[in-house]
Structure formats: C-alpha cells, structure tokens
Amino acid sequence: MTLWRGGRLATLAGDGGWGLIDDGALLVEGGRLRWVGPSADAPPADEVVELRGALVTPGLVDCHTHLVYGGSRADEFEQRLHGASYADIARAGGGIRSTVAATRAASEAQLLAAATKRARALMAEGVTTLEVKSGYGLDAATEARMLRVARGLQTLGVDVCTTYLAAHALPPEFNDADAYIDAVAAWLPGLHAQGLVDAVDAFCEHLAFSPAQVARLFDAAQRLGLPVKLHAEQLSDQGGAQLAARHRALSCDHLEYLSPAGVQALAAAGTVAVLLPGAFYALRETRLPPVQALREAGVPIALATDHNPGSSPTLSPLLMLNMACVLFRLTPEEALRGLTVNGARALGRADRGRLAAGQRADFCVWDLAHPRELAASFGHNPLITRVFQGNPGGI
Ligand code: DI6
Ligand code: FE
C-alpha cells in the first residue's frame, strides 16, 4: 500500500464542481484507489510519497483517436492553404483514402513503431486511457492488423480501448456503399471473436455513409452485444444523433451541426457528446457545436484529440483543454471533466476518470496550484508524474 499525501486533489467526484481537497491524500493498493480524503485523516501505509502541494487530477482519458496509420498528409495541409477544402480533397481520392493506401502498404511492425511514438506523446501529457479506431484498412486483413497494433500499445503502460471503424469511407475496390456495409458487418464477428473489438463506430456523413446504412451495421454490432459510437453531424446534419440514440450509443462525436432534436435524443438516451476542437480548428470550421443546448439538456460532454493525419493532427490533450474553452466556451472544469470522467463514460468505463475509492489508480501529478490552470495556458506541459494502475513513471 502506498499513500500519496499533501497534494491539492481535484477529485471530480461529485456531479458538479472540482471536488477540491486542499491538503489531500490517496491510498493505493493493487492498482486501485483504496481511500481518498484529507491528509490529516489518512490511514497508515507501508510507503509514503509526499506531494508537496502539487495538483493531482484523474489520469486523462482520450476517448477518440485514430492513432494507428501509415503515411503523412502534410501535403493536404498545403493544398488546403491553397484553397482546396477537406471535402474537395476527399472527393479527388485523397483524404482518408490516401491514408488507407499508406496503411495497407505498411507492415504490422511499421504501424506499431509509428503508433508507439504517438501514444508516448499522449502519455507524456497525462493520458492513462486511450481509444484507438480502425478505419484506414477498409479490408478485413488490414482492419485486423490495425486493431492488433492498437491492442499492442497496451504494453506501454496505457489502457487501450479499440473501436471498429471500417465504415469510415468507401474503399476503392467497392463502388456500392450498401455492399460495402454488408462486408463490414460480415467481418465483425471474426474480429470480435479474436477479442479485437470493444465498440463499433461509423462515419455518418454525405461523404461517407447514410443513417440507413449505419443502422444496418449497428444492428450487427448489437447482435454481438457490442456498444456503438458515431461520427455524427461533423460537416452536415444527417440526423445521426437520433439514429445513435435509438441504438443507445455510448457517444456521438464531432456534432458541430447537431440539431435541437438531436440534442434531445442524446439527452434521453444518456449518450455522451464528444467534442473535438482539434478538427474544428484544423479545418477552420465556423459552425460551433451547440454547447449551451447540450448543457441545458444535461448531456455529458467529453473532449478528445481525434488524433488523425488529416483533420486533427494533434498529439496534445492539454491543448484540447484550452481550445475547448477558447473556441467552444467550455469552462475549465467542463473541459477537464471532458478529458476524464466524461471521456471514460464515452468508452463505457465507469471505473476511471475520478479520484474516489474503488476507481483505478490512474492519476496525474502536475506542477500547478489549481486545476483551472490546466486549461488556461497552452503549449506548456506541467506534468510531474503520471501514475498508471498505481505505478509512477514510464513517461
Ligand atoms: N472524421 C474525422 O475528423 C476523421 N474521421 C472522420 O470520420 C478524419 C479522418 C481523416 O481525414 O483521415
Ligand atoms: Fe474521428
């Protein structure tokens, strides 16, 4: 048993507020938090770590990434600076399809080496749980390779949730989206049997798949008992949120074009709204997600990097805290909840994201006096120690 004592804890344990404990302590045993409270009341322990007034928060949960892929899309960044839009590039065969070609050409070892560097960058800013989506293979073998690589990142000392996103774009060997959706649904049971799939996602957009097509895939997921998530209303309102809510989705992600009816559907289903300010920023979007309506409806809001080589090439969850406040007007507390407790909820993981007895001992120690400072600055990493399942270091 180890006692970490003398820190300022932002527990996020209640439904609102930071849950601050000014001179607080955490008792860790077997990878779990056994006790959390004021240092003065702490139980005895074999080992004591002095926090010397440092800030402690739950470990960060990045609930939406596309971390495994081959190649680079910096050329498209230049094309967009010369006036091409994200949609123009996609229609011309670039975009997701260009990453699909590079990912298919990469070996499992090459994909793992590249993804390892990216995961380490996220971990260096305090990430202890990471979601990784497939969706740059778009054939059974490459989707499986991506998911195996994602699972392999677990050995770095970060918990990895895998999401099957084969319904991301139409691959070049198909010209019928309905036939492709049938193939995506047919590959799923085999991948699931190999333990490679924690959830199923799709890109519901005019550039990608219709709500009716996504619904058929979600039915297949639910026959296997798998939860679903959706890339919804990123570039237009397709009614994806309502569709996802009908399937009791864990989360709907992006949501710039979410309608009032979509907000109500998410609220009624308990679906988390995942906001992705990195993609909004990089694509110079101007349409803001309806944050005030989400708040008023009581929809939990999560935040994530959406790391991918095209629309959100960031590896900084801390920058997302700042961008969520500056661009989307979240409060610093909402932003931190988005990257901890609500991010965990978007993954269906209730055992993390707060500092409370019984939770996993995943937490961060920061060289800061108050948690609002995490969101107020950018381009600076104040992490002192990242603790994963009770083990410090390894960053
Ligand atoms: N929306 C996104 O922002 C990413 N995928 C998606 O469905 C972008 C993926 C890419 O451009 O490679
Ligand atoms: Fe995404």
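## A tour of two domains and their interface

Start with the surface between domain 1 and domain 2: about 1800 Å² is buried there, and carbon and sulfur atoms give 65% of that area. Buried area is the accessible area (1.4 Å probe) that two parts lose on being put together, summed over both. On the domain 1 side, select Leu-12, Ala-375 and Arg-386, which lose the most area to domain 2, together 30% of what that side buries.

This is a predicted model, where local features need pLDDT of at least 70, side-chain atom pairs count only at pLDDT 80 or more, and totals for chains, interfaces and linings use all residues. Residues are numbered from 1 along each chain as its sequence is written, and side-chain values use heavy atoms, without hydrogens and water.

**The two domains.** Colour 2-57 + 354-392 as domain 1 and 60-345 as domain 2. These bounds come from an automatic or database domain assignment. The domain centres, taken over C-alpha atoms, are 30 Å apart. Domain 1 brings 26 residues to the contact and domain 2 brings 22. Contact means heavy atoms within 4.5 Å.

**Across the interface.** Select Asp-159 and Arg-360. Their side chains meet in a salt bridge, 3.8 Å from N to O. A salt bridge is a side-chain nitrogen of Lys or Arg within 4 Å of a carboxyl oxygen of Asp or Glu. The count between the two domains is one salt bridge. Next, show strand 14 (363-366), helix 15 (372-376) and strand 15 (383-388). Each supplies at least two residues of the domain 1 side that touches domain 2. Helices (H or I, at least four residues) and strands (E, at least two) are DSSP runs, numbered from the N terminus.

**A second salt bridge.** The structure holds 20 salt bridges. Zoom to Arg-148 and Glu-108, where the closest N and O atoms are 2.9 Å apart. Arg-148 is in helix 5 (residues 140-152) and Glu-108 in helix 4 (residues 108-124), so this pair ties together parts 40 residues apart in sequence.

**Last stop: confidence.** Colour by pLDDT, the predictor's confidence in each residue, from 0 to 100. The protein's mean is 97, and 99% of its residues reach 70 or more.

Methods:
Chains are lettered from A and ligands numbered from 1 in the order in which they are written.
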